[in-house]
Amino acid sequence: MSAAPSGGLLVLVGTPIGNLSDLSGRAREALATAALIACEDTRRTGRLLSLLGLDKRPLLRLDDHTELSNGAVVLERLARGETVAVVSDAGLPGISDPGERLVAAAGAAGHRVEVGPGPSAVLTALVGSGLATARFCFEGFLPRRQAARLAQLAELRDERRTMVFYESPHRLAPALTDLAAAFGPERRVVVARELTKLHEQWWRGTLAGAAAWAATESPKGEFVVVVAGAEPPPAPSDDELEREVAAGLATGASVKDVAAEIAARRDVPRRTVYDVALRLKRG
Ligand code: SAM
């Protein structure tokens with residue numbers, strides 16, 4: 001009786017975003033030994049493998065068009081107990097690149113998932129930006145249509161975390177103009193260009209300055225835009241706080257709920273608001 005096949009292993013492999021030397025030893029090993037390498041573009045990954053001295057490795061195209069059909073092939077191979085590596089054209093699969101759905105499907109089918117971490121433009125730009133790194137959010141690519149872009153940016157206007165965006169060269173100037181309109185011209189921004197490559201550049205300044213720079217110089221290459229989060233609103237005076245708490249209590253909300261809502265919105269310790277609310281409630 002043959003043993004039941006043990007589950008397969010899906011390995012997400014980070015590849016360089018510009019500098020071949022950034023490929024890790026573990027990544028090379030995974031690419032050298034996997035039964036199959038799923039990739040966005042077989043020619044591009046073929047070139048990378050060739051540079052690594054790994055010719056003739058079995059490749060399977062897995063991009064947005066083939067994810068469904070070839071994703072099924074990957075799952076079959078995993079079901080046979082094989083190891084399948086997944087790479088994107090550059091950086092980490094799943095970060096503005098295919099990978100997420102395959103990981104979910106492999107996990108749901110009970111296969112092991114591992115990550116061979118590697119470079120990714122989002123973290124590379126963030127840590128080099130000099131902007132706050134303690135809390136940040138990744139927004140990927142903004143919508144192409146300006147109306148949708150402005151609507152998304154309006155939602156982010158009060159976002160306090162550092163925000164990281166990917167942008168294509170021909171949309172960089174309009175995106176920076178819209179960012180300046182949505183967040184104000186003085187908000188700090190760092191535009192990271194051609195990271196890890198020969199012409200790596202860090203443009204640092206204000207959104208208005210960046211929009212003017214991008215419009216006049218039309219810089220080429222790949223870009224990450226890192227934008228400082230919104231400043232916290234000024235602390236309310238004692239009178240303002242009392243008025244807001246009184247208005248909150250007048251709606252019939254509980255002392256606890258009023259304290260929580262105002263503390264979060266005004267960035268005031270919850271205990272401070274709670275004490276004011278309790279005092280007003282007791283008259
Ligand atoms: N999966 C990749 C990662 O982990 O970063 C991102 C893929 S996404 C399709 C490509 C975008 O990432 C580019 O348009 C650019 O915004 C950003 N990017 C990738 N490589 C970059 C580089 N070397 N310098 C600056 N931005 C880069």
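Select the shell around the ligand: by class it holds 11 nonpolar, 3 polar and 5 charged residues. Here Ala, Val, Leu, Ile, Met, Phe, Trp, Tyr, Cys and Pro count as nonpolar, Asp, Glu, Lys and Arg as charged, and the others, Gly among them, as polar. The model is predicted: local features need pLDDT of at least 70, side-chain atom pairs count only at pLDDT 80 or more, and totals for chains, interfaces and linings use all residues. Residues are numbered from 1 along each chain as its sequence is written, and side-chain values use heavy atoms, with hydrogens and water left out.

Next, display the residues that surround the ligand, 19 in number, each with a heavy atom within 4 Å of it. The closest are Asp-97, Ser-120, Tyr-166, Leu-195 and Phe-223.

Turn then to the polar contacts (pairs of N or O atoms within 3.5 Å). At Ser-120, a side-chain N or O atom is 2.7 Å from an oxygen atom of the ligand. Backbone N or O atoms serve at two further stops: that of Leu-92 lies 2.9 Å from a ligand oxygen atom, and that of Phe-223 lies 2.6 Å from a ligand oxygen atom. On its own the ligand has 570 Å² of accessible area, of which the protein covers 90% (Shrake-Rupley method, 1.4 Å probe).

Now colour strand E7 (162-167) and strand E10 (223-227), the elements that give two or more residues to the shell; strands are DSSP runs of at least two residues, numbered from the N terminus.

Finally, colour the chain by domain: domain 1 (9-119), domain 2 (122-227) and domain 3 (238-282), with bounds from an automatic or database domain assignment. The ligand lies between domain 1 and domain 2 because both give residues to its shell. The C-alpha centres of domain 2 and domain 3 are 37 Å apart.

How values were computed: Polar contact = N/O pair within 3.5 Å; in protein donor to acceptor, adjacent residues only side chain to side chain. Helix = DSSP H or I, 4+ residues; strand = E, 2+ residues; numbered from the N terminus.
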